[in-house]
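Please open the structure in a viewer and keep the selection panel at hand. The tour below proceeds stop by stop, naming what to select and what is found there.

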Amino acid sequence: MALDSACLFCRIILGEIPADIVLRNDNVVAFNDINPQAPTHVLIVPRLHVENAGELAQISPSITADLFNAAAEIAAQRALSGHRAVFNTGADAGQSVFHAHLHLLGGRALAWPPG
Ligand code: AMP
Ligand code: ZN
């Protein structure tokens with residue numbers, strides 16, 4: 001649960017790896033995705049190392065809510081006409097970084113269902 005020096009997103013939180021930070025507060029850090037899939041593609045991460053959203057929800061429902069609140073705040077700041085907030089859980093769902101993160105996507109029409 002403590003930050004893990006071997007984890008990419010923990011290292012971003014610690015400032016050891018640069019990122020384009022768009023929001024930070026006591027519980028979450030948000031930064032632009034390095035490989036954006038939409039004009040807005042922000043990753044919102046908890047300031048604690050948990051593998052996925054389910055673990056985070058068990059450990060801290062309130063920090064889970066903080067991630068969604070940060071997504072809503074960024075979407076409102078940018079006056080997005082619509083947005084998608086999604087957690088990928090497990091490699092088959094496309095998860096590649098095993099520190100829970102909420103993707104915020106917007107700024108273009110988003111197809112459904114996702115691939
Ligand atoms: P996921 O595939 O759901 O685990 O999402 C991981 C995301 O992290 C991908 O969208 C990557 O493009 C993004 N990513 C990987 N490395 C970095 C980095 N150094 N800075 C910002 N985003 C990154
Ligand atoms: Zn981590």
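A residue counts as buried under 20% relative accessible area and as exposed over 50%, with partly exposed in between. Please keep in mind that the model is predicted.

**Stop 1: an exposed loop residue**

Select Ala79, in the loop between helix H3 (61-77) and E4. Is Ala79 buried or exposed? Its relative accessibility is 64%, so Ala79 counts as exposed. Display the backbone torsions as well: phi of Ala79 is near 50 degrees, a positive value in a residue other than glycine.

**Stop 2: helix H3**

Move next to Ile74, which is found in helix H3. Ile74 has 1% relative accessibility and therefore counts as buried. Add Ala30 to the selection and check the separation of the two C-alpha atoms: Ile74 and Ala30 are 44 residues apart along the chain, and their C-alpha atoms are separated by 9.2 Å.

**Stop 3: the ligand and its shell**

Now centre the view on ligand 1. The space that ligand 1 takes is the largest pocket. Two elements give two or more residues to the shell around the ligand, namely helix H1 (8-14) and strand E2 (28-32). Which element provides the largest share of this shell? The largest share comes from H1, with three residues. In total, 16 residues surround ligand 1, and the closest are Asp33, Gly94, Ser96, His101 and His103.

**Stop 4: polar atoms facing the ligand**

Show the side chain of Asn88; one of its polar atoms lies 2.9 Å from an oxygen atom of ligand 1. For Val97, display the backbone instead, since a polar backbone atom of Val97 is 3.0 Å from an oxygen atom of ligand 1. Then show the side chain of His101, where a polar atom lies 2.9 Å from an oxygen atom of the ligand. A surface representation is useful here: ligand 1 has 500 Å² of accessible area on its own, and the protein covers 83% of that area.

**Stop 5: His101 and His99**

Stay with His101, located in the loop between strand E4 (83-86) and strand E5 (102-106). With a relative accessibility of 7%, His101 counts as buried because that value is under 20%. Which backbone oxygen does the side chain of His101 reach? That side chain reaches the backbone oxygen of His99 at 2.7 Å.

Select His99 in turn; its place is also in the loop between E4 and E5. His99 is at 0% relative accessibility and so counts as buried. The side chain of His99 reaches the backbone oxygen of Pro46 at 3.0 Å. With His101 and Pro46 displayed together with His99, two contacts can be followed in succession: from the His101 side chain to the His99 backbone oxygen, and from the His99 side chain to the Pro46 backbone oxygen.

**Stop 6: a cis peptide bond**

Proceed to Pro113, in the segment after E5. The bond to inspect is the one between Trp112 and Pro113, a cis peptide bond with omega about 0 degrees.

**Stop 7: two cysteines**

Finally, select Cys7 and Cys10. Cys7 has a relative accessible area of 7% and is therefore buried. Cys10, at 0% relative accessibility, likewise counts as buried. How many disulfides does the structure hold? The structure holds zero disulfides.

How values were computed
Residues are numbered from 1 along each chain as its sequence is written. Chains are lettered from A and ligands numbered from 1 in the order in which they are written. This is a predicted model: local features need pLDDT of at least 70, side-chain atom pairs count only at pLDDT 80 or more; totals for chains, interfaces and linings use all residues. Side-chain values use heavy atoms; hydrogens and water are left out. A disulfide is a pair of cysteine sulfur atoms within 2.5 Å. Buried means under 20% relative accessible area, exposed over 50%, partly exposed in between (1.4 Å probe, protein chains only). A residue is near a molecule or strand if one of its heavy atoms lies within 4 Å of it. A polar contact is a pair of N or O atoms within 3.5 Å; within protein, one must be able to donate a hydrogen and the other to accept it, and residues adjacent in sequence count only if both atoms are side-chain atoms. Accessible areas come from the Shrake-Rupley method with a 1.4 Å probe; for residues, only the protein chains shown count as cover. On a 1 Å grid over the protein atoms alone, a cavity is a set of points where a 1.4 Å probe fits but cannot get out, and a pocket is an open set with protein on both sides within 12 Å along at least five of seven lines; lining residues have an atom within 4 Å of a point. A molecule sits in a cavity or pocket if more than half of its atoms lie within 2 Å of its grid points. Helices (H or I, at least four residues) and strands (E, at least two) are DSSP runs, numbered from the N terminus.
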